Every structure is written in C-alpha cells, then in structure tokens.
Amino acid sequence: MSSISSTIRAKYPLRELEVVQPDGTSKKYPLQKDSLTLGRNANNDLSFPEDPILSRQHLKFEYDGGEWCVTDLGSKNGTLLNDQRLEGRVRLKSGDRIGAGRVVISYNDPRLSSRSSVVFVEERENTASGATMVIRLDRVLTDEPRAFEAALGTDSVDGIRRTEALIHAGRELVGHRPLDELFPVILKLATGAVGARRGLIATVEEGDLFIRATQGEGFRISTAVRDKVLKARESLLVRDAGSDEVFRQSRTIVEQRVRSLMAVPLQTDAEVIGLVYVDSPDFIRPFTPEDLSLLTVMANTAAIRIEHARLAEIEQNERLIEKEMEQAAEIQRSLLPPNSPRFPGLDIAGHSMPSRSVGGDYFDYLRLPDGRPAVLVADVAGKGLPAALLMTSLQARVQILAETETDPGSFVTRLNRSVARHCPANRFITFFVAVYNPENGEILYANAGHNPPYLLKADRTVHVLEGGGPPLGIMRNMTYATQSCLTGGGDTLMMYSDGVPEGVNAAGEEFGDDRFISALLETHGSSAEDIISAVRSALANFVKDTPASDDVTLVAVRRKA
C-alpha cells in the first residue's frame with residue numbers, strides 16, 4: 001500500500017460508529033480521537049438532548065492499546081451491548097451493537113462492511129488467459145491524440161457518449177469530498193459510463209484487498225483475474241464468458257451467470273492502489289473494447305483523486321495532531337513551577353526544555369509538613385507523549401506523598417511502590433529528591449537511579465552526591481536509604497537530567513561531564529539563575545544546530561552566604 005495510506009492510519013485503526021438516532025435517521029462518525037462521550041448534555045461529542053432516557057453523560061468510547069472500548073458512565077437506565085447489559089469496560093469488535101436510551105450504535109470496521117458479499121475464489125492459474133481483450137494504461141494514454149480517440153471510439157454516437165462520461169467524471173471528481181464518500185461516487189460513475197449492472201471498488205491496504213464500495217451483491221471473483229489486474233497492471237475484458245472456453249469452465253462465472261465482465265487497475269503514475277470490477281449477468285449489451293479503454297482511463301483519474309483525498313486527510317490529521325500536541329505542551333508547562341520559590345537562605349532556579357513538543361523530564365519545589373523545603377528532579381524513560389503522560393502521573397503521586405512524608409528515603413520508597421503498580425513493563429523513572437535544613441545547611445537526599453547531582457563548593461571544588469538505588473518502577477519492594485551532606489554559604493547543588501551531559505554535536509561528540517563541570521566552575525559566585533544560563537549557553541554553543549535527542553532539565557539550589 002502507498003505510504004500515504006499507511007500514515008493516515010498510524011495513530012488509530014480504521015473504525016467508525018454508525019448511529020441510528022431517535023428520529024430514525026443514521027449518521028457515521030469516524031473514530032479519530034482518543035475518546036468520545038455520548039449523552040443528553042450538549043458538551044458530549046455525540047449529544048441527543050431530545051432523548052429523555054439518556055443520562056447527561058451516558059457512555060464513553062475510548063482508544064486503549066490498539067483497540068476501542070466502551071464504558072457506561074453510571075447512567076440511570078444503563079447501556080446494552082449486543083442486547084446484554086454493559087458492565088464495566090468492554091473491548092469492542094466489528095459488528096457490535098450498543099443501545100443507549102433510544103439511540104442505537106453500530107461499531108464497524110468500514111473496510112469489512114461490504115466484504116461479506118465479495119469472495120475471491122482460488123481457481124486454476126490460466127483462468128484469465130481466455131479474456132477477450134487485455135490492455136494497459138500506457139497504451140491507452142498514448143502521446144498520439146488520434147490513438148486515444150480511437151481507443152474510445154469518439155467517431156460514433158457511443159464514442160461521444162463515452163467522451164461525455166469521461167468529462168462528467170472529471171467534473172464530479174474535482175470537488176473536495178471526504179475519502180469515505182469518494183468511493184461510492186467513483187463506482188456510480190464507472191458503472192454508469194459502461195452500462196454495468198454490478199460493480200465494486202477495492203483498494204490495497206497493508207498488503208490485503210479491502211472492499212470500499214459495491215453495487216449489487218454475491219460477487220465471486222477469480223483470484224487469477226484479481227492478480228492479473230493488481231500485479232500485471234492489466235485491464236481485462238470478457239465480452240461473452242459463455243462462449244469463452246476457459247471462462248465457461250469457471251465456476252465463479254457459471255454460478256453467477258455472468259456474461260460480460262471487466263476488471264481494471266486503480267493505477268496512479270507510480271503504483272496500483274486497487275481495482276475496479278464491473279459485470280453484467282444479462283446479455284443486453286456486452287462490454288466493448290472502447291468500454292474497457294474508458295473504464296481504464298476513468299480508473300486512472302479516480303486513483304489520482306483517491307491519493308489526493310488521502311493526502312488531504314493526512315494533512316488534516318497532522319494539523320489536528322499538531323494542535324493537540326501544542327495544547328499538551330501548554331498543559332505540561334503549566335505543571336512545572338512557573339517561577340522560583342522563596343525559601344529562607346536559599347537561591348533557587350530551574351529550567352526544563354523537552355526535545356519534542358512534550359517530554360518526560362520533571363522538576364518541582366515542595367514545602368514539607370515540617371516546613372523544610374524539598375527540591376526534586378525526575379526523568380521518565382522515553383520521549384514524547386507517552387513519557388509526558390507518565391510524568392503527569394508521577395507529579396500527582398509526588399504531591400500526595402509530600403503532604404505526609406518528610407524523610408527522603410521513605411518518600412522515594414513509597415513513591416516507588418506506587419509507580420511500580422502502574423508503570424508499563426518497558427518504562428521506568430529516575431528520581432532525585434533533596435531536603436534542606438535551613439538552620440545548619442544539611443541536605444538529606446535519596447536517589448532512584450538518577451544522574452548524581454554536583455555540589456559546587458564555595459572553594460571551587462566539585463563533589464558528586466553518589467549513592468542510591470535503581471530507578472522507580474523496576475523493583476516494587478526496594479527500600480531507598482536517606483543520605484546526607486553539609487553545605488556552607490555560597491555552595492550550589494546542581495541537579496540535572498541526562499540530556500545535559502549526553503547532548504551531541506554534529507561530529508557525534510557528547511557534551512560530557514568534564515565540559516559540564518568546567519561550565520559550572522566558570523559560574524563561581526553567580527546566582528542560581530545565572531548558573532543555569534551559563535550551562536545552557538555552554539551546551540548550546542557545543543551542540544550548535546544539532547537537534548536535541550533528549551529533554552534537558554537543570555535545577556540549581558544555592559545557599560546564600
């Protein structure tokens with residue numbers, strides 16, 4: 001399948017809801033966001049204020065782990081799933097029917113909705129060898145105008161009709177229709193142009209052929225015909241299957257009493273993205289070579305239009321994702337401290353920059369129940385939205401624990417147990433917390449796999465706060481120890497995430513610990529804000545235009561003289 005089609009389904013599988021409303025009308029809703037709610041209130045995604053049986057917020061559809069689920073939101077009159085009362089959260093499968101109030105909803109994979117009426121039957125390999133005519137698109141779209149006119153037979157009355165049909169198709173396909181509405185239009189144009197009784201359109205999706213529109217039912221199509229169109233890029237015409245020795249022996253033809261058929265590729269300049277098949281069970285008018293040429297050209301026009309529609313949907317989807325990511329980034333920024341806190345005897349500053357719109361780094365300032373200030377940094381394994389979601393969950397747990405816990409070791413031990421219960425198997429979080437005693441300058445700290453902070457002393461020596469345990473979320477019953485060190489006036493504790501020393505320049509060199517420490521030493525005597533600015537400047541001068549591969553977080557805590 002084309003890369004365009006693959007991209008549009010990157011985030012969500014192709015699924016839709018068909019809603020039959022209380023007045024009997026129905027409407028389809030593609031599932032293209034993380035969740036949809038249904039109820040009587042106007043703020044629901046699907047709102048039915050005229051249905052008194054519905055609750056204000058009745059049920060919710062959610063995307064989870066590659067599948068869609070439905071949950072009743074404690075509605076007064078309940079929800080039915082396939083005529084059984086819905087209990088808890090249930091994963092949906094194509095064809096499921098949900099009843100809520102007077103609304104009936106079908107959950108479908110639109111690619112499968114017409115598939116039951118179409119069967120591709122394995123038959124002997126030479127089934128298509130007896131076709132009355134085989135042509136290729138490049139032979140029809142020749143550079144010689146007279147050859148193209150001859151292919152359509154424009155000198156006759158039927159030829160004029162075919163030319164008008166082609167012009168009409170061009171006009172119909174110029175408009176901006178959504179992709180799911182485009183396929184029925186193309187099929188109607190195709191069957192009408194050649195006078196076919198039945199027809200279908202199928203597209204190649206991830207290596208498989210999916211039916212996108214049908215006119216008629218009970219199709220049984222030879223796989224040899226299918227493969228000749230898709231793989232050999234050839235258009236086939238069988239004018240009289242009953243008189244063709246090979247097709248007369250085909251049970252797919254005999255069972256359906258098909259007398260005349262055509263199959264052509266949906267072909268762009270670069271590739272075949274599907275096929276158009278038409279047939280006639282009667283013999284009022286057999287298809288002609290000119291019909292085959294017309295259908296081949298129309299299929300080429302339709303294929304280009306389909307790809308343009310796919311591209312438009314991709315662009316729209318990307319704009320929606322970009323907007324959602326901007327909103328997510330704004331929300332995440334609001335979760336970080338808006339400005340530096342004022343704690344007696346301390347000068348504090350912090351900075352965090354995600355490598356993408358959102359990231360997994362986190363820092364915060366807390367006041368413990370006994371009044372002592374606590375400063376912490378954390379780094380969720382991974383980047384982007386998954387890491388940001390885990391970071392948000394971590395912050396909530398930290399805020400709760402900070403209301404009761406004052407010892408850093410116990411704090412991290414309890415935090416680890418909570419994280420381990422909910423952290424995915426392939427994720428973990430590094431975490432460091434320092435608690436200051438403003439009276440004597442003692443720092444009590446605990447480390448869960450995070451980069452050891454630097455203590456920049458007033459005498460220009462640099463110490464590393466070693467020790468600690470594994471990252472959060474790996475060993476649920478791990479106990480973390482509280483460690484300590486003393487600070488004097490002018491000493492600065494520098495906490496950071498690994499995006500600082502692991503910053504890479506164009507030559508593939510890392511910023512490293514030595515450059516980091518050198519940048520710190522050059523800030524001797526500076527304020528916490530100036531120290532962070534100096535490190536950021538040194539890192540930026542080193543990596544230059546090389547894109548950041550990881551989030552960068554810096555927190556400086558300087559004890560005033």
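**Exercise 1. The whole protein**

Task: State how much surface the protein exposes and what share carbon and sulfur atoms supply.

Solution. The protein exposes about 26,500 Å². Carbon and sulfur atoms supply 49% of that area. The model is predicted, and its mean pLDDT is 81. Of its residues, 81% reach 70 or more. Residues 1–10 fall below 50 in pLDDT. That stretch still has 26 contacts in the model beyond near neighbours in sequence. Residues 125–130 also stay under 50, with 15 contacts beyond four places in sequence.

Next, take the overall make-up. The protein has 561 residues, and 49% of them are buried. Its secondary structure comes to 13 helices and 29 strands. Now look at contacts between residues at least 6 apart in sequence: 65% of these join residues at least 24 apart.

**Exercise 2. The cores**

Task: Find the residues with the most contacts inside the largest nonpolar core, and the strand that gives this core its largest share.

Solution. Start with the general rule. In soluble globular proteins, nonpolar side chains tend to be buried together. Here the largest nonpolar core has 47 residues. Leu394, Phe431 and Leu472 have the most contacts inside it. Strand β23, residues 429–436, supplies the largest share of this core, with 7 residues. A second core is separate and has 31 residues. Leu187, Ile201, Val264 and Ala309 are among its members.

**Exercise 3. Helix α5**

Task: Compare the expected span of α5 with the distance between its end C-alpha atoms.

Solution. Helix α5 covers residues 179–194. At 1.5 Å a residue, its 16 residues should span 22 Å. The end C-alpha atoms lie 24 Å apart, so the two values agree.

Now list what is buried. The buried residues of α5 are Leu179, Leu182, Phe183, Val185, Ile186, Leu187, Leu189, Ala190, Thr191, Ala193 and Val194. Take Val194: its relative accessibility is 1%, so Val194 counts as buried. Val194 and Leu294 are 100 residues apart in sequence, yet their C-alpha atoms are 7.9 Å apart in space. Just after the helix, Gly195 takes a positive phi of about 70°.

**Exercise 4. The hairpin of β14 and β15**

Task: Work out how β14 and β15 run, and how many bridges join them.

Solution. Strand β14 spans residues 198–205 and strand β15 spans residues 208–215. The two run antiparallel, joined by 7 bridges. For one pairing, look at Leu200: it stands opposite Thr214 in β15. The hairpin has 2 residues between its strands. In this hairpin, Glu206 takes a positive phi near 55°.

**Exercise 5. An open sheet**

Task: Give the strand order of the open sheet of 6 strands, then name its edge strands.

Solution. Strands of a sheet pair through backbone hydrogen bonds, either parallel or antiparallel. In this sheet the order is β2-β1-β11-β10-β7-β8, with antiparallel pairing. The edges are β2 (26–30) and β8 (84–85), because each pairs on one side only. Strand β7, residues 80–81, joins β8 through 2 bridges, and the pair runs antiparallel. In β8, Arg85 is the bridge partner of Leu80.

**Exercise 6. Thr71**

Task: Decide whether Thr71 is buried or exposed.

Solution. Thr71 lies in strand β6, residues 67–72. The cut-off for buried is under 20% relative accessible area. Thr71 has 16% relative accessibility, so Thr71 counts as buried. Finally, list its contacts, not counting residues up to four places away in sequence. Thr71 touches Leu59, Lys60, Glu62, Leu86, Gly88 and Arg89 on that count.

Notes
Residues are numbered from 1 along each chain as its sequence is written. This is a predicted model: local features need pLDDT of at least 70, side-chain atom pairs count only at pLDDT 80 or more; totals for chains, interfaces and linings use all residues. Side-chain values use heavy atoms; hydrogens and water are left out. A nonpolar core is a set of buried Ala, Val, Leu, Ile, Met, Phe, Trp, Tyr and Cys residues joined through side-chain atoms within 4.5 Å. Buried means under 20% relative accessible area, exposed over 50%, partly exposed in between (1.4 Å probe, protein chains only). Helices (H or I, at least four residues) and strands (E, at least two) are DSSP runs, numbered from the N terminus. Contact means heavy atoms within 4.5 Å. The expected span of a helix is 1.5 Å times one less than its number of residues. Accessible areas come from the Shrake-Rupley method with a 1.4 Å probe; for residues, only the protein chains shown count as cover. pLDDT is the predictor's confidence in each residue, from 0 to 100.
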